[in-house]
Each structure stands twice: as C-alpha cells, then as structure tokens.
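Me: I would like to go through this structure step by step. Could you help me read it?

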Amino acid sequence: MISNFKIDTSEKNISWLNDGLIINKRFKMKVFQVVEIKFLNQVLIISDYREMGEKNMFIYDQNGNCISNPNMPSEEFYGVYSIWYIDNNKLQTIVLLSNDNCCQEKKCIFNLETYDFSNFSLSK
C-alpha cells in the first residue's frame, strides 16, 4: 500500500513508502504532473517530453515497477501534456502534445486498466 506520497520542491523527485520501503523516482527535468491513483494503488507521472521523448507518461505499481509506458497512438503526437484526473475512474481525460500547428490541443480518453487511448477530440 502506498503511503507518505511526496513530490519534492523541485518536482524532480517523487517518493512513497510501500511496506516500509522507500520508493524513489528521479528525473533530470521538472515533471509536468504526478498523480497518486489510490483506487489502483499506483502512481502516474508525466515527465517533460524533452527529457523522455514521446513516451513521457509512466504508471508505477506500489513497488515502483513501471507497469505502463505507452506509445503515442499516432505520429501526430509527441507526448502527453496532462491528465484531468478524477478519483476512482478508470477512464481519464488526457491532453496530448500535438504536432499540428493549431490553437487547440487534442485530448482523448485513457484507460487506466488497459492503457489504451480512444475518443480523440479538440480540447476547449
């Protein structure tokens, strides 16, 4: 069980306790977003795409093992920008970084259990 979940002030180090063991995830650049997914006992981290490239979203289990680092659904996208996280919901809205020269970003639904992207649309 994840406890003592922390993001350091520079937002480059995320840590938690699991059965008395400290789990640390460190990044060279400030991360975009970190979410503790309590109902699945997981941690989702969206790192800076400039550090990790298009595969900049990671989901870790309570032990710190990366259980998902999904590929972008198409070449149109070069990473994940954010998640509009809602507790206890396996279907989450994700905002993607798009190669389009457009004034709006694209969003989609991301399934936290199957790690699939679907239902693409423009964000408002």
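**Sheets, cores and rings**

Me: Before we start, what kind of model is this?
Reply: It is a predicted model.

Me: Let's begin with strand 6. How many of its residues are buried?
Reply: Strand 6 covers residues 57-61, and 5 of its 5 residues are buried.

Me: Which way do the residues of strand 6 point?
Reply: Met 57, Ile 59 and Asp 61 point one way, while Phe 58 and Tyr 60 point the other way. In a regular strand the side chains alternate between the two faces of the sheet.

Me: And which sheet is strand 6 part of?
Reply: Strand 6 belongs to an open sheet of 4 strands in the order 4-5-6-7, with antiparallel pairing. The edge strands are strand 4 (33-37) and strand 7, each of which pairs on one side only. On average, neighbouring strands of this sheet are turned by 30° against each other, direction ignored.

Me: How many bridges hold the neighbours together there?
Reply: Strand 4 is joined to strand 5 by 5 bridges, and strand 5 (residues 42-46) is joined to strand 6 by 5 bridges. Strand 6 and strand 7 (residues 66-68) pair over 2 bridges.

Me: Which residues face each other across those strands?
Reply: Val 34 has Ile 45 in strand 5 as its bridge partner. Leu 44 stands opposite Ile 59 in strand 6, and Ile 59 stands opposite Ser 68 in strand 7.

Me: What connects strand 6 and strand 7?
Reply: The two strands form a hairpin with 4 residues between them. In the turn, Gly 64 has a positive phi of about 90°.

Me: Now the sheet with strand 8. What is its strand order?
Reply: That open sheet has 4 strands in the order 8-9-10-11, and its pairing is antiparallel. Strand 8 and strand 11 stand at the edges with a single partner strand each, so one side of each has no neighbour in the sheet. The twist averages 35° from one strand to the next.

Me: How many bridges join strand 10 to strand 11?
Reply: Strand 10 (residues 106-111) is joined to strand 11 by 4 bridges, and the two run antiparallel. As one example, Lys 107 has Ser 121 in strand 11 as its bridge partner.

Me: Changing topic: how many aromatic pairs are there?
Reply: A search of the whole structure finds 9 aromatic pairs. One of them is Phe 58 with Tyr 60, which is stacked at 6.1 Å centre to centre, with 15° between the planes.

Me: Are Phe 58 and Tyr 60 buried or exposed, and why?
Reply: Both are buried, because the cut-off is under 20% relative accessible area: Phe 58 has 9% relative accessibility and Tyr 60 has 8%.

Me: Which other pair is stacked?
Reply: Phe 77 and Phe 120 are stacked, 5.9 Å centre to centre and with 15° between the planes. Phe 77 lies in strand 8 (residues 77-84) and Phe 120 in strand 11 (residues 117-122), so this pair ties together parts that are 43 residues apart in sequence. Phe 77 is buried, with a relative accessible area of 3%, whereas Phe 120 is partly exposed at 39%.

Me: Which rings make up a cluster?
Reply: Ring pairs link Phe 32, Tyr 49, Tyr 78 and Tyr 81 into a cluster.

Me: What about the nonpolar core? How many residues does the largest one have?
Reply: The largest nonpolar core has 16 residues, and those with the most contacts inside it include Leu 44, Met 57, Leu 96 and Phe 110. Strand 4, strand 5, strand 6, strand 8, strand 9 (91-98) and strand 10 each supply at least two of its residues. Strand 8 gives the largest share, 3 residues.

Me: And what lies apart from that core?
Reply: Another core, of 11 residues, lies apart from it; among them are Ile 14, Trp 16, Ile 45 and Phe 58.

Me: Which residues does Leu 96 touch?
Reply: Leaving out residues up to four places away in sequence, the contacts of Leu 96 include Met 72, Phe 77, Val 80, Cys 108 and Phe 120.

Me: Last topic: how many disulfides are there?
Reply: The count comes to 0 disulfides. For Cys 66, the nearest cysteine sulfur is that of Cys 108, 18 Å away. Cys 66 is partly exposed, with a relative accessible area of 42%, whereas Cys 108 is buried, at 1%.

Terms used
Residues are numbered from 1 along each chain as its sequence is written. This is a predicted model: local features need pLDDT of at least 70, side-chain atom pairs count only at pLDDT 80 or more; totals for chains, interfaces and linings use all residues. Side-chain values use heavy atoms; hydrogens and water are left out. Rings of Phe, Tyr and Trp (its six-membered ring) pair if their centres lie within 6.5 Å; planes under 30 degrees apart count as stacked, over 60 as edge-to-face and the rest as tilted. Buried means under 20% relative accessible area, exposed over 50%, partly exposed in between (1.4 Å probe, protein chains only). A disulfide is a pair of cysteine sulfur atoms within 2.5 Å. Two strands pair if DSSP finds at least two bridges between them. Axes are lines fitted to C-alpha atoms, for helices over the stretch in contact, and angles run from 0 to 180 degrees between N-to-C directions. A nonpolar core is a set of buried Ala, Val, Leu, Ile, Met, Phe, Trp, Tyr and Cys residues joined through side-chain atoms within 4.5 Å. Contact means heavy atoms within 4.5 Å.
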